[in-house]
Amino acid sequence: MLKIVPVPAFTDNYIWLVHDPDSGETAVVDPGEAAPVLAEIERRGWTVGQVWNTHWHPDHTGGNLALKEATGCTISGPASPRIPGNDRELSEGDAVRIGAHVGRIVEVPGHTLDHIAIIFDDERIAFVGDTLFAMGCGRLFEGTPEQMYASLEKLASLPADTRLYCAHEYTLSNARFAAAAEPDNKDIAVRLDQVRALRDEGRITLPTTVALERATNPFVRASDAERFASLRARKDSFG
Ligand SMILES: [Zn+2]
């Protein structure tokens, strides 16, 4: 069983540590900064062997070089010249490995054009970066609504019990928007209350699951790319 640990960074990022107790290996997903990762690793007595990046944005890759320097780890990420220290370019169908566990690479463009997700099918775990958020999705900085809609469909078609590890704590703001977008959706109303209670206590709302997102994420639930595009535009200007 992989152990997944969140490392909060900046104001609302999560850097995910992936630890395999059998091999003793640890990978780091999207280290926007190195210092909090190194502190957590030291606290746990772990050793960083790999960095996996989902996309080039600096709040996901800014710690790459410092981590490599401190630990000698290898860096894998999508083929983008803007990913610092990238040793291995990942594209659809490639794999990353930690101990005996294999993560499959799926391309999910939209937030950026280079964006990938890493899916551990056997473990029902997916690292989805800034593509899908709990009850929301990433902004379209580079891709088209059609691309993003297709990317969300890919993730939402994973088995229902797949746990999704997103890279930001945006759930409360997303839940408020979801409740406005689907005022009659009881699952959204219930989840909004749960998320509000968690955040009042300063607690993390992740990971989410495919089943939860199918029930409460208006972007996943959009019937087509056109409806998705209008929702995304509404969310961009939502308070
Ligand atoms: Zn991003």
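Colleague: Are H5 and H9 parallel or oblique to each other?
Modeller: Happy to start there, and keep in mind that this is a predicted model. Helix H5 (residues 171-181) packs against helix H9 (residues 225-236) with the axes 11 Å apart and an angle of about 125°. Angles from 65 to 115 degrees count as roughly perpendicular and those over 145 as roughly antiparallel. The angle of about 125° fits neither range, so the relation of H5 to H9 is oblique.

Colleague: Thanks! Is the crossing of H5 and H9 left-handed or right-handed, then?
Modeller: On the H5 side the contact is made by Ser173, Asn174, Phe177, Ala180 and Ala181, and on the H9 side by Arg227, Leu231, Arg234 and Lys235. By class, that contact has 4 nonpolar, 2 polar and 3 charged residues. As for the sense in which H5 passes H9, the crossing is right-handed.

Colleague: And how is H5 oriented to H6, roughly parallel or roughly antiparallel?
Modeller: The axes of H5 and helix H6 come within 9 Å and cross at roughly 155°. The cut-off for this class is an angle over 145 degrees. H5 and H6 are therefore roughly antiparallel.

Colleague: How many nonpolar residues are in the contact of H5 with H6?
Modeller: The crossing of these two helices is left-handed. H5 brings Thr171, Leu172, Ala175, Arg176, Ala178 and Ala179 to the contact, while H6 brings Ile188, Leu192, Val195, Arg196 and Arg199. Besides 1 polar and 3 charged residues, the contact of H5 with H6 has a nonpolar count of 7.

Colleague: Let me pick one residue of H5: is Ala181 buried or exposed?
Modeller: Good choice, as Ala181 sits in helix H5 and touches Pro218, Arg227, Leu231 and Arg234, leaving out residues up to four places away in sequence. Phe219, 38 residues from Ala181 in sequence, is 9.8 Å away in space, C-alpha to C-alpha. The relative accessible area of Ala181 is 13%. Since the cut-off is under 20%, Ala181 is buried.

Colleague: What about Ala70, buried or exposed?
Modeller: Ala70 belongs to helix H3 (residues 64-71). Its C-alpha atom is separated by 43 Å from that of Arg221, 151 residues apart along the chain. With a relative accessible area of 52% against a cut-off of over 50%, Ala70 is therefore exposed.

Colleague: On backbone geometry, which residue in the loop between strand E3 and helix H1 has a positive phi?
Modeller: Most residues other than glycine have a negative phi. The residue you want lies between strand E3 (25-29) and helix H1 (35-44), and at 3% relative accessibility it counts as buried. Its phi is about 60° although it is not a glycine, and it is Asp30.

Colleague: Which two residues does a cis peptide bond join?
Modeller: Most peptide bonds are trans. Here one residue of the pair, Pro207, lies in the loop between H6 and strand E14 (208-209). With omega about 0°, the cis bond joins Leu206 and Pro207.

Colleague: Last one: which residues touch the most other members of the largest nonpolar core?
Modeller: Nonpolar side chains tend to be buried together in soluble globular proteins. One residue to look at is Phe127, whose contacts include Ile4, Trp16, Val29 and Tyr165. A second, separate core of 15 residues includes Leu17, Val28, Trp46 and Ile75. In the largest core, with its 46 residues, the answer is Val18, Trp52, Phe120 and Phe127.

Note on methods
Residues numbered from 1 in each chain as written. Predicted model: local features only at pLDDT ≥ 70, side-chain atom pairs only at ≥ 80, totals over all residues. Heavy atoms only, no water. Core = buried A, V, L, I, M, F, W, Y, C linked by side-chain atoms within 4.5 Å. Buried < 20%, exposed > 50% of the residue type's maximum accessible area, 1.4 Å probe, protein only. Contact = heavy atoms within 4.5 Å. Axes fitted to C-alpha atoms, helices over the stretch in contact; angles between N-to-C directions. Helix = DSSP H or I, 4+ residues; strand = E, 2+ residues; numbered from the N terminus. Parallel < 35°, antiparallel > 145°, perpendicular 65-115°, else oblique. Left-handed = near helix turned anticlockwise from the far one by under 90°. Nonpolar A, V, L, I, M, F, W, Y, C, P; charged D, E, K, R; others polar.
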